[in-house]
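Me: I want to learn how to read packing and charge pairs in a model. Can we work through one together?
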Amino acid sequence: LGQAGRFCGPVGIMARGGRIVVSSPLDHRAQVFDGDGTLMFTMGGTESGDHYFDEPEGVAIFADGGIAVCDRKNHCVRIFDRHGTLLRSVGGHPVLLSPLAVAVDQQNRLYVCDCGDDSVKVFTAHGELLYSSAGEYSFTQPAGIAI
């Protein structure tokens with residue numbers, strides 16, 4: 001556990017713009033690699049201050065290289081810039097209960113599968129909730145989304 005470039009139970013993976021992001025919930029981190037597989041940097045971990053992950057799951061990459069990571073047990077999606085600096089957290093309890101997957105559209109809206117209340121939620125890149133399927137449509141344990 002915890003070795004750079006190695007994973008313990010990787011679940012989220014996304015490739016875009018010459019980068020590959022992989023989340024590893026058992027390591028409580030996400031790692032970013034270049035197109036050749038060289039580790040560029042790591043986000044999260046169990047002792048990483050304001051961006052500690054508790055079981056990161058789905059990942060997405062914005063057109064500008066920014067990264068979104070579902071932080072499942074912290075009830076949010078963490079938004080990082082292209083260098084791995086935390087910009088903000090989106091959601092939080094009770095808005096997001098257990099975010100499992102995330103996708104980003106061309107307007108940088110976040111589409112989040114929340115298996116805590118069996119819904120899909122849409123947020124602006126700055127965290128404003130635009131839509132929730134909760135109460136309107138129910139998805140049993142939504143675990144994947146693509147745009």
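**Reading a buried charge, salt bridges and cores**

Reply: Start with one acid. D54 is found in the loop between β4 (39-44) and β5 (56-61). Keep in mind that the model is predicted.

Me: Which side chain of opposite charge is nearest to D54, and how far away is it?

Reply: The nearest is K73, 5.4 Å away. A salt bridge needs nitrogen and carboxyl oxygen within 4 Å. D54 is buried yet has no salt bridge. Beyond four places in sequence, D54 touches H28, D71, R72, K73 and N74.

Me: Which acid does K73 meet in a salt bridge?

Reply: E55, with N to O at 3.1 Å. The pair links distant parts of the chain, 18 residues apart. E55 sits in the loop between β4 and β5, and K73 in the loop between β6 and β7.

Me: Why does E55 count as buried, and why does K73 count as partly exposed?

Reply: Buried means under 20% relative accessible area. E55 counts as buried because its relative accessibility is 19%. K73 is at 44%, so it counts as partly exposed.

Me: How many salt bridges are there by this rule?

Reply: The count comes to 7. One of them joins R78 and D71, with the closest N and O atoms 3.0 Å apart. R78 is buried at 10% relative accessibility. D71 is buried too, at 0%.

Me: What about K121: which acid does it pair with?

Reply: K121 forms a salt bridge with D114, the closest N and O atoms being 2.8 Å apart. K121 counts as buried at 3%, and D114 is buried at 0%. Salt bridges that share partners join D114, D117 and K121 into one network.

Me: Now the nonpolar side. What is the general idea?

Reply: In soluble globular proteins, nonpolar side chains tend to be buried together.

Me: How many residues are in the largest nonpolar core here, and which have the most contacts inside it?

Reply: It has 13 residues. Those with the most contacts inside it are A68, V77, I79, V102, L110 and V112. Four strands each supply at least two residues of this core: β6 (67-71), β7 (76-80), β9 (99-104) and β10 (110-114).

Me: Take A68. What does it touch?

Reply: Leave out residues up to four places away in sequence. A68 then touches G58, V59, A60, F62, V77, R78, I79, V102 and L110. R78 also belongs to the salt bridge with D71.

Me: Which residues does the second core include?

Reply: That separate core has 11 residues, among them M43, V59, V69 and F80.

Methods
Residues are numbered from 1 along each chain as its sequence is written. This is a predicted model: local features need pLDDT of at least 70, side-chain atom pairs count only at pLDDT 80 or more; totals for chains, interfaces and linings use all residues. Side-chain values use heavy atoms; hydrogens and water are left out. A nonpolar core is a set of buried Ala, Val, Leu, Ile, Met, Phe, Trp, Tyr and Cys residues joined through side-chain atoms within 4.5 Å. Buried means under 20% relative accessible area, exposed over 50%, partly exposed in between (1.4 Å probe, protein chains only). Contact means heavy atoms within 4.5 Å. Lys and Arg count as positive and Asp and Glu as negative; His and the chain ends are not counted.
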